[in-house]
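The report below walks through one protein chain, from its sheets to its packed interior. Please keep the sequence and the model in view while reading.

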Amino acid sequence: MTYTGRTLGVGLMKGKPFAFYLLCSRSFPRRRAIVRENAVYIENLTETDNPYISYPVVRLLSEYAVVTNGLQTDFIAQALEWESPKKALIHVLDALDYERDAYSTPRIAGIVGRNGKGWLGFAGKDEFWVRELELREGKAFATATYNLGFTELEFPAFESAEELARKALELPLEKKVLTIGVLWKDRWELQASNR
């Protein structure tokens with residue numbers, strides 16, 4: 001099994017756009033996802049002065065769902081009010097850059113539109129990219145903070161955000177802590193699954 005840290009992806013299942021977030025952690029495994037209306041927050045349960053391990057992880061808008069591994073979630077959601085998803089990712093990720101922690105943790109971000117379009121972005125110490133994606137049935141385009149790069153995953157069928165969160169938790173990755181599933185079904189459906 002591979003350690004990827006934080007992993008996120010955007011995809012299409014039975015014609016419905018979806019996004020997922022999988023938090024794996026070696027240093028801070030005591031965390032939980034808290035759903036509040038149209039947003040999800042990662043809350044740390046271990047005493048620390050590390051500013052990067054509690055953050056907004058999902059923000060739902062009328063047209064888009066934003067999923068990231070840090071405070072860029074809200075900045076991207078705000079930027080979507082006046083610019084395209086691709087430009088929102090480029091501007092916010094370029095401005096914030098990678099996290100200034102001991103690991104130079106990359107910032108990753110995904111946007112999925114209810115129209116079936118998807119975008120992913122990555123801002124690392126030595127790598128930066130943003131991609132506009134044509135989503136494909138039964139698959140998810142994914143990236144992670146470590147050891148994954150940009151890849152396409154086969155995704156087993158699911159009917160709900162709850163099932164999606166469970167399927168994401170079954171991905172063969174190390175040190176899994178929690179997952180979040182987001183699915184468009186006439187409205188955004190949202191489910192967090194704490195291990």
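Helices (H or I, at least four residues) and strands (E, at least two) are DSSP runs, numbered from the N terminus, and two strands pair if DSSP finds at least two bridges between them. This is a predicted model, in which local features need pLDDT of at least 70 and side-chain atom pairs count only at pLDDT 80 or more, while totals for chains, interfaces and linings use all residues. Residues are numbered from 1 along each chain as its sequence is written, and side-chain values use heavy atoms, with hydrogens and water left out.

**Overall form**

The chain has 3 helices and 13 strands. With 195 residues, a compact globule would have a radius of gyration near 16 Å, and the 15 Å of the chain agrees with this; the radius is taken over C-alpha atoms, and the globule rule is 2.2 Å times the number of residues to the power 0.38. Along the principal axes, the C-alpha atoms fill a box of roughly 40 × 35 × 30 Å. UniProt, in an unreviewed entry, lists residues 3-184 as "domain: Inosine monophosphate cyclohydrolase-like", an annotation that, like others there, may be inferred rather than shown by experiment. That span is 16% helix and 45% strand.

**Two sheets**

One open sheet is formed by 6 strands with antiparallel pairing, in the order β11-β10-β1-β2-β12-β13. Its edge strands are β11 (150-154) and β13 (188-194), each of which pairs on one side only. Neighbouring strands here are turned by 20° against each other on average, direction ignored. Helix α3 (residues 161-169) packs on this sheet and touches β2 (16-24), β12 and β13, its direction making about 145° with that of β12. Contact means heavy atoms within 4.5 Å, and such angles run from 0 to 180 degrees between N-to-C directions of axes, which are lines fitted to C-alpha atoms, for helices over the stretch in contact.

The other open sheet has 7 strands, again with antiparallel pairing, in the order β3-β4-β5-β6-β7-β8-β9. Because β3 (31-36) and β9 (128-134) stand at the edges with a single partner strand each, one side of each is left without a neighbour in the sheet. The twist averages 15° from one strand to the next. Helix α1 (residues 72-79) lies across β5 (55-60), β6 (64-68) and β7 (107-113), and runs at about 30° to β5. The hairpin of β3 and β4 has 2 residues between its strands, and E37 in the turn has a positive phi of about 55°.

The table lists some antiparallel strand pairs.

| Strand pair | Number of bridges | One facing pair |
|---|---|---|
| β12 and β13 | 7 bridges | V182 and L190 |
| β3 and β4 | 6 bridges | A33 and I42 |
| β4 and β5 | 4 bridges | Y41 and P56 |

**The interior**

Of the 195 residues, 55% count as buried, meaning under 20% relative accessible area with a 1.4 Å probe and protein chains only. A nonpolar core is a set of buried Ala, Val, Leu, Ile, Met, Phe, Trp, Tyr and Cys residues joined through side-chain atoms within 4.5 Å. Which residues have the most contacts inside the largest such core? In this core of 31 residues, they are Y21, I42, V57, V58, I180 and V182, and β12 gives the most to the core, with 5 residues. Leaving aside residues up to four places away in sequence, Y21 touches several others, including I42, V57 and I180. A second, separate core of 18 residues includes M13, L22, A140 and F155.

Conventions: Buried means under 20% relative accessible area, exposed over 50%, partly exposed in between (1.4 Å probe, protein chains only).
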